[in-house]
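Visitor: I'd like a close look at one part of this protein, but please set the scene before zooming in. Take your time; I'm happy with a long answer.

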Amino acid sequence: MLLRAICHRVRRTSVQGFMTRRTPFTRQLCSCNTLQTGLADAETIFTLSSGHGRCGVAVIRVSGPASETALRSMAGLTRSLSPPRNAMLRSITDPQSKEVLDRGLVLWFPGPNSFTGEDSLEFHIHGGPAVITAVLQALGSMPGMRPAEAGEFTRRAFQAGKLGLTEVEGLGDLIHAETEAQRRQALRQMSGELGRLYQDWTDRLKRCLAHVEAFIDFSEDELIEDGVLEQVDGTVDGLRSEMVRHLQDERRGERLRSGVQVVIAGATNAGKSSLLNTLCQRPAAIVSPIAGTTRDVVETALDVGGFPVLLSDTAGLRDSPDLVEKEGIRRARERVEQADLTLLVVDSTQLPATTQQLKSFLHHHLSTVLPSPEGQMLRSCLLILNKADLLPEEHRLQLRMELGRIPGLPPVSLISCHTSDGLQDFLNALHRSVKTLCGDPLSDAPSLTQARHRAHLQQCVSALHQYAQYRDVDLALAAEGVRLALTSLGRITGRVGAEEILDIIFKDFCIGK
């Protein structure tokens, strides 16, 4: 019955796909299809794709309708082209003067079976600056050829339907990945796993909207079978629950993409700058016995077991009449509030002897540094007792026993930045904490990696709430909620309103990609 009603409706509207009397549904979902028009008339672009500087082999990439002309003119292929995706050793010549510029490999990728979907060509030449410049100038002298802009090859691949928008973002992340975990997450997204999840949600919402619109238009004609809206209710409720769970990821994917914010904090002369220098293995911060040496935030990027970390050393926390130091302390507290993980450094030579006094001392330190020394803040903290080399061995053993009897403490590491004693145990604890904050990029469902994904998904959840709110009041308004949800999902995948976000996404790509 539902199929008959839908077919009847298509005849009435004479439009392929489902339309309402108010808003064409197909047009809303496919507004980006106009991006695919005109590709055949596009200019041919070229650029050095392998990066600048001297190298053994440089790759120059060409894409567009004039690629075949460039291949024939510069590789001396007057009769037949080289076999697709096969490397041929050729003399590469200037199309004007016929001078041999270099001898290298040429690869021909006829469209649509290429990265961009267009006819494409690659020159693999020697990587000297003079050779590269000569080949680029020769390409630029040909009619219809121009240098590519940043990200233009990938943009053309998107416009040709070779990559979805989430896959494009994954490719950009892969290019900028600096750690193993970032590479894994980016590769997973580039393979389309995140895009397939969102496409599945989109397909299910499309069916829901089609059923609701069919019910609005044909229920009076008794062409709709019973239970259609109840099926929609179940699907919408299930989708909303899935999206809420997807959003409740504690920003793991975004954190892995941009780096975990780790802040070193504590009192003056506790050894915070020494810890920073020890971790980054260079004198990044000035170390001095004078209290209050560090006045501003000192940052350095680290790779902790494959996870990206942005480590910040901050001013020592104390009451100070110095205006400059006061500003440094204010910035330190601000960084602690924003931190994903706080490394609270304590001078172990200042610790009291008895267990009760030690408990009070450490809890007081936690309360003065952490905004809320309990719950999540306590779980996002590592307590570091520095200068262990200044303690007698018996004192260290006793201290470890007493620390085990004190409840309510974050993980504790007894270390010496001077002798590196206990440093490996601390690094293991740091790695565990960072891994927990980022998650495993290869397990479970794909993570949110972009702030814009999160914003659009939150809008999608709100729109589905609108459906539930108006379902028994005004079915047209409820259907509008489903349509808004589809629009929000489409903005993630590039199916709706893609043009307004393309420049933001592609501007971070390097030239030649």
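What percentage of the contacts in the protein with a separation of 6 or more comes from residues 24 or more positions apart? After that, please take me to strand S11 and its surroundings.

Guide: The answer is 69%, for residues 24 or more positions apart among contacts with a separation of 6 or more; a contact here means heavy atoms within 4.5 Å. One caution first: this is a predicted model, where local features need pLDDT of at least 70 and side-chain atom pairs count only at pLDDT 80 or more, while totals for chains, interfaces and linings use all residues. Residues are numbered from 1 along each chain as its sequence is written, and side-chain values use heavy atoms, with hydrogens and water left out.

For the wider setting, the protein has 19 helices and 12 strands; these are DSSP runs numbered from the N terminus, with helices being H or I of at least four residues and strands E of at least two. Of its 513 residues, 49% are buried. Buried means under 20% relative accessible area and exposed means over 50%, with partly exposed in between (1.4 Å probe, protein chains only).

Now to S11. Every one of the 6 residues in this strand is buried, 6 of 6. In a regular strand, side chains alternate between the two faces of the sheet. In S11 both faces are covered: Cys381, Leu383 and Leu385 sit buried on one side, and Leu382, Ile384 and Asn386 are buried on the other.

Who are its partners? S10 pairs with S11 in the parallel sense over 6 bridges, where pairing calls for at least two DSSP bridges between two strands. Within that pairing, Thr342 has Cys381 of S11 as its bridge partner. S11 is also joined by 3 bridges to strand S12 (residues 412-414), and these two run parallel. Here Ile384 is matched with Ser413 in S12. To get from S11 to S12, the chain passes through helix H15 (residues 393-403), making a right-handed β-α-β crossover. Right-handed means that, with the strands pointing away from the viewer, the path from the first strand over the helix to the second runs clockwise.

S11 also feeds the largest nonpolar core, which has 29 residues; Leu275, Leu311, Leu343 and Phe426 touch the most other members. A nonpolar core is a set of buried Ala, Val, Leu, Ile, Met, Phe, Trp, Tyr and Cys residues joined through side-chain atoms within 4.5 Å. Elements that each supply at least two residues include S11 (381-386), S10 (341-347), S7 (260-266), H11 (272-280) and H16 (423-438). H16 gives the most, with 6. Leu275 shows how this looks up close: setting aside residues up to four places away in sequence, it touches Ile264, Leu343, Val345, Ile384, Ile415, Cys417 and Phe426. That list brings us back to Ile384, the S11 residue bridged to Ser413. As a general backdrop, nonpolar side chains tend to be buried together in soluble globular proteins.

S8 (298-304) and S9 (307-313) also each supply at least two residues to this core. They pair antiparallel over 7 bridges, with Ala301 opposite Leu310 in S9. The two strands form a hairpin with 2 residues between them, and Gly305 in the turn has a positive phi of about 60°.

For contrast with a strand covered on both faces, look at helix H9 (residues 228-247). Its buried residues include Val228, Val232, Val236, Leu239 and Met243. Seen down the axis, the buried residues of H9 fall within an arc of 105°, so they line one face of the helix; the arc is taken from the directions from the helix axis to the C-beta atoms. Glu230 and Arg245 are exposed on the other side of H9.

Helix H4 (residues 129-140) gives a similar view: Val131, Ile132, Val135, Ala138 and Leu139 are buried. They cover an arc of only 130° around the axis, which puts them on the same side of H4. Exposed Ala130 and Gln137 are on the face turned away from that buried side.
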